[in-house]
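Visitor: I'd like a close look at one part of this model, the charged pairs along its helices, and then at how that part fits in with the packing elsewhere. Take your time and keep it practical.

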Amino acid sequence: MRIVCIGGGPAGLYLGLLMKRRHPEHVVTVVERNKPYDTFGWGVVFSDAMMSAMRLADPESAAEIEDAFNHWDDIELVFKGTRQRTTGHGFIGIGRKHLLNILQRRCEALGVELAFEREVESDLEFPDADLIVATDGVNSRIRARYAEQFQPDMVIRPNRYIWLGTKKAFDAFTFDFQRTEHGWFQAHIYKFDAETSTFIVETTEETYNAHGLGELDQQGSIDFCEKIFAETLDGAKLLTNARHLRGSAWLNFSRLICGKWSVFNGRSHVVLMGDAAHTAHFAIGSGTKLALDDAIELANQFDRHGHGRDRIQTVLEAYEEVRRVDVARIQNAARNAMEWFEVVGRRYADTLEPPQFFYSMLTRSQRISHENLRLRDRAWLEGFERWFAARSGIAVEDGERVPPPMLTPHRVRGLTLANRIMVSPMAMYSAKDGLINDFHIAHLGARAMGGAALIFAEMTCVSPDARITPGCLGLWNDEQAAQWRRLVDLVHSLGHAKVGIQLGHAGRKGSTRLAWEGIDQPLASGNWPLISASALPYLPHSQLPREMNRSDMDRVRDDFVAATRRAADAGVDWLELHCAHGYLLSSFLSPLTNRRTDEYGGNHENRARFPLEVFRAMRAAWPSDRPMSVRLSCHDWTEGGNTPADAAIFAAMFKEAGADVIDCSSGQVWKEERPIYGRLFQTPFADLIRNEVGIETIAVGAISEADHANSILAAGRADLCAIARPHLADPAWTLHEAARIGITAVNWPKQYLSAKGQYEANLARAAAVAAQ
């Protein structure tokens, strides 16, 4: 084949040498706009795993690269007058110029033609090429030429950064955070040769503008950064090799995703690789890794399917199918890390203490979890756990296993929870006339013995017409209150668990069938009238609700207050108001479901007016020493609906009204929603509200392991974790997860103590077998 790589960066050079090495009959050319052995940039960072992949792909170049690498295991944080360090992270760094020079020499040795100082305007300049590989960077001209086919999605991110270097060798990957009168600056620093380090400085657009950095030339920006980071630089100067850039050289990161990576131009197949196809933020240092992995996978697919011209289409399809998954994984992690740095000042640096800030920074990409940190640096993590436990009031003796964050107590008002795990409200649809029955006693009693600190029943309705289905629980009469007292007394008698009640009103989503008979489907008979913020049905064929008038509001408010008083009299420990998932109060908050033109519709204040009225009346009726939370839908997942920013506004309003905690859920407001699911997918909402609004939060959604919960809590992303489906599958989820991570100092019900030792022993045996 005749192969042309347009762009002499890592992707183009590495693919060129791999294809020539594996099939010498190929004619391979790499075309580069710069001079021979000339490049820009400072150092690049790999993981140890990337180096292993390169040894398999081309041992010769890998050996030379490895000889030039600087390896380190430590990460150091400079923050608020402290220096903290952890080890075991396994980084390797090399100068970008040195890396490319090694790859250039390897290409020449294998017979790859290198064409320097040539600007390529179009792929059509190579009519005899069978395969054209566009590795011409984030501003790819080739991609732009076929934009309709490649479907590029380019987003310019808000932070500003400047890529510098310094003649000072740092012995750890160092992060330095410095606050100025206008905001925070952070430096990402790592060594890449014996005497030189990359020094990237980043800040927000607001801070950048407030300091007038856009008005400075490069030297002015360098002088500014030297002053900000003088202590860390310790007399060393900052340097630039980007004099070709105009102005101050501060840039915005461009996040790129392409819908398709290859096209046929009528003569040649054209494929994107590296930054021309996708970008990953420097916060996790994976741009070069992605480029090299692209090259390795494309070469592997040619080996698998054949190196002939007739196999190119098949190869490109297979290459994209395989790489798209891994690229998405890296880009997701990079997005998490990038967004962490974009909000780090107001969300974390201003609010978190240094140990928790360091933990948050280490886990910012969500690729590193609590137990992964234990594998990397057990001593550091156990020291952090000791600090976290001390803040929760636990004094741990030397040599004693420190409880992980999920097993530390937590106090809200006058209530102390034994740990940070709660059984989330989950609809059972098994009541008759709203009454708790033997099923609920067995169901919730089992979970009360399973180790969780707070046990919620399902959403409990404040009137007969507030129910979702005929099978929903209620608290509108004294008979129901008596059964709640029975439940509360049972749970309190079983151990440490406390009881929570979530009061709600179904609104437009009421009068439907039991879930297993057709979720959200209207009853075939026996319907009751519905009310909502506006006269909008949930489904096209759902019953049409009536828009609430003031008389309706008075009645509903009073129903909530009456149920609140009954809950208090029944001895319930925690009260939650349901303002999420498209139910009645949620329908006021969302602009999708609130189309009112009176004082209860329109802006945030008006849409929250009635839910806040209900909340304040409930808070006044609820004992002052007992906690009260509000469940919010923090994202409607629909254009024109509420976003996390809107949820933060509502959270601040409920905080001012006396809420102690915001329970951060999302969705179920509009049937045409398009949620983006995934592990811990709703935790970012709890993180934002906790650390920007300044109110405690509950994280919910796809939290299924102790490792998940510990990571969330340790990083300060939430204060409690609500576990739903895992508690349906395993009533003793908390006890079992504690045992799985080696925590044996946890109280089991005395009736089950004989099983505790056997369960822990079985886990130990299974772990020993897996380790062999």
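Guide: One cut-off first: a residue is buried under 20% relative accessible area, exposed over 50%, and partly exposed in between. Keep in mind that this is a predicted model.

Let's start with the stretch that holds the pairs you asked about. The unreviewed UniProt entry places a feature called "domain: NADH:flavin oxidoreductase/NADH oxidase N-terminal" at residues 407-734. That span is 34% helix and 16% strand, and its end C-alpha atoms lie 9 Å apart.

Now for the charges. The whole structure has 56 salt bridges, and helix α16 (residues 478-494) is a good place to begin. Arg485 and Asp489 sit there four residues apart, about one turn of the helix, and their closest N and O atoms are 3.2 Å apart in a salt bridge. What is the exposure of Asp489? With a relative accessible area of 39%, Asp489 falls between the two cut-offs, so it is partly exposed. Arg485 comes out at 33%, so that residue is partly exposed too.

Helix α17 (residues 550-569) has a pair with the spacing of about one turn as well: Arg550 and Asp554 are four residues apart. Their closest N and O atoms are 2.6 Å apart. Asp554, at 27% relative accessibility, is partly exposed, and Arg550 is partly exposed at 31%.

Follow helix α17 on to Arg555 and Asp559. These two form a salt bridge with a closest N to O separation of 3.3 Å, and they are about one helical turn apart because four residues separate them in the helix. Here the exposure is split: Arg555 is partly exposed at 33%, while Asp559, at 18%, drops under the 20% cut-off and so counts as buried.

Not every salt bridge stands as a lone pair, though. Asp74, Glu76, Arg83, Arg85 and Asp171 are joined into one network by bridges that share partners.

Next, the packing. The largest nonpolar core has 108 residues, and Tyr14, Phe177 and Phe357 touch the most other members. Helix α11 (residues 312-349) gives the largest share of this core, 15 residues. Because domain 1 (2-341) and domain 2 (346-384) both contribute residues, the core lies between them. Setting aside neighbours within four places in sequence, Phe357 is in contact with several residues, including Phe177, Trp340, Tyr348 and Leu352. A second, separate core of 101 residues brings us back to the helices above, with Leu487 and Ala568 among its members, along with Leu475 and Phe650.

Last, the rings. There are 34 aromatic pairs in the structure. Phe173 and Tyr190 have ring centres 5.2 Å apart and planes at 45 degrees, so they make a tilted pair. Phe173 is in strand β11 (residues 173-180) and Tyr190 in strand β12 (residues 183-191), 17 residues apart. Phe173 is buried at 9%, and Tyr190 is buried at 5%. Phe615 and Phe654 make an edge-to-face pair, since their planes meet at 80 degrees, with centres 5.7 Å apart. With Phe615 in helix α19 (residues 604-621) and Phe654 in helix α20 (residues 644-657), this pair ties together parts 39 residues apart in sequence. Both phenylalanines, Phe615 and Phe654, are buried.

Terms used: Residues numbered from 1 in each chain as written. Predicted model: local features only at pLDDT ≥ 70, side-chain atom pairs only at ≥ 80, totals over all residues. Heavy atoms only, no water. UniProt positions renumbered as here; feature names shortened; annotations may be inferred. Helix = DSSP H or I, 4+ residues; strand = E, 2+ residues; numbered from the N terminus. Salt bridge = Lys/Arg side-chain N within 4 Å of Asp/Glu carboxyl O. Buried < 20%, exposed > 50% of the residue type's maximum accessible area, 1.4 Å probe, protein only. Core = buried A, V, L, I, M, F, W, Y, C linked by side-chain atoms within 4.5 Å. Domains from an automatic or database assignment. Contact = heavy atoms within 4.5 Å. Phe/Tyr/Trp six-rings, centres within 6.5 Å; stacked < 30°, edge-to-face > 60°.
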